[in-house]
Amino acid sequence: MRVRDFEVLVVGAGPAGLAAAHAAASHGAKVGLVDAQLRAGGQVWRHDLRFGAPKRARVQIAGLAAAGIAWLGGCEIALAEDRVLHGEGADGPMSLRWRALVLATGARELLLPFPGWTLPGVTGAGGLQALAKQGWPVAGKRVLVAGSGPLLLAAAATLKRHGACVFGIHEQAGPAALRGFAARLPRWPGKLAQAAALRLKLFDVPYRSGSLVVAAHGEESLREVEIETRTGRRRIACDLLAAGWGLVPNVELARVLGCRLDDSGTHPHIAVDDDLRTSRHGVYAAGEALGIGGLDCARVEGAMAGHFAAGAPQATQALRWRRRQARAFADLLRRQFALRPRARALAAADTLVCRCEDVALSSVQAHADPRQIRLVTRCGMGACQGRVCGAALRELGLPAPSLSATATRPPIFPMRLAALAEACFHEPSQGEV
Amino acid sequence: MTTRHDLIVIGAGLVGAACVEAAAAAGLRVAVVESGTIGGGATSAAMGHLVAMDGDAAELALCAYSRSLWERWADRPEAEFHRCGSLWIASSEEERARIPARRAELAAAGVDAEAVDPHGLYALEPSLAAGFHGGLRVPGDAVVYPPRLAWHLIADACRDGAELFAGVRAEQLTDDGVHLADGRALRGPVLVATGAALPELLPELPMRARKGQLVVTDRHAPMVRHQLIEMGYADAAHGSDAASVSFNVQPRPNGQLLIGSSREYDATDAAVSSSLLQRMLRRAFDFVPALRERRAIRAWSGFRPATPDGLPYLGAVPGRRGVWVAAGHEGLGITAAPGSARLVVDAFLGLRPALDLAPYRPDRVLRAAA
């Protein structure tokens, strides 16, 4: 059992969290950086067993110790109390107390249900990319990448690098949307260069726009993917389908902390002011958890949040313009790669929408009350606690299974009972304010 | 604009839903009013343990009668009925010495139970910690999933003509029915089954909320076969300590484990109490050490509707015309739902209930207060 105190505690060690930790430490603050993964980098900079991490990531990760930042890897935050977070690390339960907190909890992949999406061999695009980086063998496998957005290109590049035979990228957005995107891309020269570099890596992989995966077929595992274009449907034989539909902000910790969430879009994100303050005093947030903004946006916002959290707002002046630029680019991406209504209508009545509890779409459609969905169908009651099915149902325009309005139901992530029993909870009797 | 019903059931927890079912089966024109989610109160927070609880003759009689009526629901898939049996565990020789008497008490109520010696105990449940003194096995006890069943009972009744007033609060009882918060009025006799919220409509019947907490784990290979309960559980349940925990673990048919239990009077905050949760878990580890390595996916709380003497209110409410009550089962509402519903509806219809209603009639507390 360990209790540690920090002036600035950063949750999430992706690009936003790393930038926040370094920015806060540059002002001499005592900084802790905690992440569920053993190695820093988050999802986008996930360590690749064969190829390492990108240089920008390596510099920041290697520099943690020199910057005096306490690295708390392999510790998933499962409980939150006033000014203290609890999790379990390799050495057992950890309680982390903070004066300022930066939430850089990132995003997760949106998994959209379509017939066959639960077959072995069908994964998320980011999911298969992460598996490949962790050493799961994809070499020689016939892989189809499908869905929407720039994540498809990044995933395809990683898979190809690991020897997969990527023989097609199928983007649901139509050619007109992509032309609109390309026309505006030169306003962000850095992005233009990135896109060009990615295309170069994927020069031999056909890229099809207006091409939608509508079903995966196979008995025991995936055999064929069914693709729909303007000219009709066809089936393509393959071993793996990496289907990526976009990203969803991770807001669970913010919710438990009582931070206001912005529910105006399809998926909730953390609401912040111009100084990246959440509605809870001393709690800042940055990066994808504020709405999907991409890597550059995460880095800029992370740095800003780190400066604010360390009480050095003047250091953020130069970053504000860059943040606006990055958010504008994210808006463009969101508009141009918006899911077509057809993509939201793929699930059939018997398609599972909740994999944890095996709940079919038709069962969920029988209820209008979000809590009734949960209680009657068990949708959202499984290990993911509604993270996967909830996002998918919101994307489908259906009510997502919910808890009662007042309930918070710890832990945020599954936690060993022993760790739960031993966590050092805040005792009001100790005279703390 | 008013509508007349033969019976207006207020509250669609499992007790209310069972009353709706019983009334509709008797051919009554039924209305049901539920302000929140069907089965969304104590019904959704409950463990779903069908248990013949001994220690109080009237309570046991109701449990035993109701457990037999549960058999009608056992084949409904939405009930997720799983007859795993209960195994009461003796932590001391003193507790073990009480087993024959408990067994006799259960037998007198028509409930089969068998004494288990220490050897047999570990044969039945190898994951128990060493040093227990035997137990009492009640093979007819079962576990169920209550909120889905409540919803189906209401849905079935609505198909047969019952009328559901959903998402609207019953604001006030009138001389001949109930006023709803949206301005509508329903006319007819009323049966109040609102559990811990009973005082909102019937303030003369004392009711306290007794908070409980549970933890559910992720799925895993089976670790225990029976619903395991420490023999001291009944003392805790019948006792009046401000806050207590006792060991109670339930194997769900899907490999999850439900871990309880706690009791807290006068806690109004629905948030899970960390310190009580920790006491509860440590108590559970004392009985099944391997639980330490299981992972919790969720903890929650609920409020048991507790009457001063621990027995529910079943019957006509004295001093009010056409007002009936079925509420206050504390931790036994799931077990006692179908039995309570049948008793109250039979009495309402002027039929002779299968059990003497005297111990459950609400006038007992009003007499006591006078």
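**Figure 1. Helix 5 of chain B on strands 6 and 7, in a predicted model.** Helix 5 (residues 99–108) of chain B lies across strand 6 and strand 7 (135–138) of chain B. The helix runs at about 20 degrees to strand 7 of chain B. Strand 6 covers residues 114–116 of chain B.

**Figure 2. The nine-stranded sheet with strands from chains A and B.** The sheet is open, its pairing is mixed, and its order is 22(A)-18(B)-14(B)-17(B)-16(B)-15(B)-5(B)-7(B)-6(B). Strand 22 of chain A and strand 6 of chain B stand at the edges; each has a single partner strand, so one side of each is left without a neighbour in the sheet. Within the sheet, strand 14 (residues 208–217) and strand 17 (residues 257–265) of chain B pair in the antiparallel sense over four bridges. In strand 17 of chain B, B:E264 is the bridge partner of B:K211. Helix 10 of chain B packs on the sheet and touches strand 5 (86–89), strand 14, strand 15 (227–230), strand 16 (243–251), strand 17 and strand 18 of chain B. The direction of helix 10 makes about 55 degrees with that of strand 16 of chain B.

**Figure 3. The contact between chain A and chain B.** On the chain B side 28 residues are in contact with 22 residues of chain A. Helix 7 (146–159), helix 10 (274–287) and strand 18 (295–306) of chain B are the elements that give two or more residues to the side touching chain A. By class, that side of chain B has 13 nonpolar, seven polar and eight charged residues. Strand 22 (residues 415–416) of chain A pairs with strand 18 of chain B in the antiparallel sense, over two bridges. A:M415 stands opposite B:A296, which is in strand 18 of chain B.

**Figure 4. The six-stranded sheet of chain B.** This open sheet of chain B has the strand order 9-3-2-13-20-19, and the pairing is mixed. Strand 9 (163–166) and strand 19 (313–316) of chain B are the edge strands, each pairing on one side only. From one strand to the next the twist averages 20 degrees. Strand 19 of chain B pairs with strand 20 (residues 323–327) of chain B in the antiparallel sense over four bridges. The bridge partner of B:G315 is B:V325, in strand 20 of chain B.

**Figure 5. The largest nonpolar core and the surroundings of A:A286.** The core has 265 residues, and those with the most contacts inside it are A:A20, A:L241, A:A286, B:C19 and B:V20. Neighbours within four places in sequence left aside, the residues in contact with A:A286 include A:A16, A:A20, A:V102, A:A104 and A:L276. Also in contact with A:A286 are A:A298, A:E301, A:G302, A:M304 and A:A305.

**Figure 6. A:P189 in helix 6 of chain A.** Helix 6 of chain A covers residues 189–201 and contains A:P189. A:P189 counts as exposed because it has 9 C-beta neighbours inside 10 Å, and 12 or fewer is the cut-off for exposed. A:P189 and A:A289 are 100 residues apart in sequence; from C-alpha to C-alpha they are 25 Å apart in space.

**Figure 7. Chain B as a whole.** The secondary structure of chain B comes to 12 helices and 20 strands. The C-alpha trace of chain B spans about 65 × 40 × 40 Å along its principal axes. A compact globule with 370 residues would have a radius of gyration near 21 Å, and the 20 Å of chain B agrees with this. Of the 370 residues of chain B, 56% count as buried. Among contacts in chain B between residues at least 6 apart in sequence, 74% join residues at least 24 apart.

Definitions and conventions. Residues are numbered from 1 along each chain as its sequence is written. Chains are lettered from A and ligands numbered from 1 in the order in which they are written. This is a predicted model: local features need pLDDT of at least 70, side-chain atom pairs count only at pLDDT 80 or more; totals for chains, interfaces and linings use all residues. A residue is buried if 20 or more other C-beta atoms lie within 10 Å of its own, exposed if 12 or fewer, and partly exposed in between; C-beta atoms are placed from the backbone. Two residues are in contact if their C-beta atoms, placed from the backbone, lie within 7 Å. Ala, Val, Leu, Ile, Met, Phe, Trp, Tyr, Cys and Pro count as nonpolar, Asp, Glu, Lys and Arg as charged, and the others, Gly among them, as polar. Two strands pair if DSSP finds at least two bridges between them. The radius of gyration is taken over C-alpha atoms; the globule rule is 2.2 Å times the number of residues to the power 0.38. A nonpolar core is a set of buried Ala, Val, Leu, Ile, Met, Phe, Trp, Tyr and Cys residues joined through C-beta atoms within 7 Å. Axes are lines fitted to C-alpha atoms, for helices over the stretch in contact, and angles run from 0 to 180 degrees between N-to-C directions.
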